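Me: Please show me the structure, and then let us go through the interface and the sheet by question and answer.

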Number of protein chains: 2
Amino acid sequence: MKTRVYVTLKGGVLDPQGKAIHHALGSLGFSGVNDVRAGKLIELDHDDGVSDAEIEAMCKKLLANTVIENFRIERA
Amino acid sequence: MKTRVYVTLKGGVLDPQGKAIHHALGSLGFSGVNDVRAGKLIELDHDDGVSDAEIEAMCKKLLANTVIENFRIERA
């Protein structure tokens, strides 16, 4: 079974990686981009028996820094 | 307007980050996880006039290394 976890920075948290991408897009001549936010996509391949609660615990303990990041779990 | 770009490693490409996450999950006592693949989620905030072709060009030129990565564009 597959589950995807999307980890994104909380609003208001400075995103230097996103800023760097935004700047690079401008340098490459792309216009019309107002902001860029970079995050993580983690794909877990796991046994059917792994519960939502366990995946949430994985997110809180390891996959996301819940002080500055949000996470969203999507069963594939 | 918002567009999300999901960048993931192509199958068969070694994913050391995913391996590290997988190992760490095991050390934290989580069982049942067979494999972990790490990727990027890039959120673009842009003018309505930015076309799909332009976003695809951004992916090919900067956001993804198309030799080892796939990308998927999702208009939010």
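The turns below take up the interface and then the sheet. This is a predicted model, in which local features need pLDDT of at least 70 and side-chain atom pairs count only at pLDDT 80 or more, while totals for chains, interfaces and linings use all residues. Residues are numbered from 1 along each chain as its sequence is written, chains are lettered from A and ligands numbered from 1 in the order in which they are written, and side-chain values use heavy atoms, with hydrogens and water left out.

Me: What area is buried between chain B and chain A?

Reply: Contact, meaning heavy atoms within 4.5 Å, takes 32 residues from chain B and 32 residues from chain A. Buried area is the accessible area (1.4 Å probe) that two parts lose on being put together, summed over both. Carbon and sulfur atoms give 64% of the area here, which is about 2800 Å².

Me: How many residue pairs are in polar contact across the interface of chain B and chain A?

Reply: For salt bridges (a side-chain nitrogen of Lys or Arg within 4 Å of a carboxyl oxygen of Asp or Glu), the rule finds zero across this interface. A polar contact is a pair of N or O atoms within 3.5 Å, where within protein one must be able to donate a hydrogen and the other to accept it, and residues adjacent in sequence count only if both atoms are side-chain atoms. With both residues at pLDDT 80 or more, the number of such pairs is 12.

Me: Which element supplies the largest share of the side of chain B that touches chain A?

Reply: Helices (H or I, at least four residues) and strands (E, at least two) are DSSP runs, numbered from the N terminus. Strand 1 (2-9), helix 1 (16-27), strand 2 (33-46) and helix 2 (52-63) of chain B each supply at least two residues of that side. The largest share, 14 residues, comes from strand 2 of chain B.

Me: How many bridges join strand 2 of chain A to strand 2 of chain B?

Reply: Two strands pair if DSSP finds at least two bridges between them. These strands run antiparallel, and Asp35(A) stands opposite Asp45(B). The number of bridges is 13.

Me: Which strands stand at the edges of the sheet?

Reply: Six strands form an open, antiparallel sheet in the order 3(A)-1(A)-2(A)-2(B)-1(B)-3(B). Each edge strand has a single partner strand, so one side of each is left without a neighbour in the sheet. The edge strands are strand 3 (69-75) of chain A and strand 3 (69-75) of chain B.
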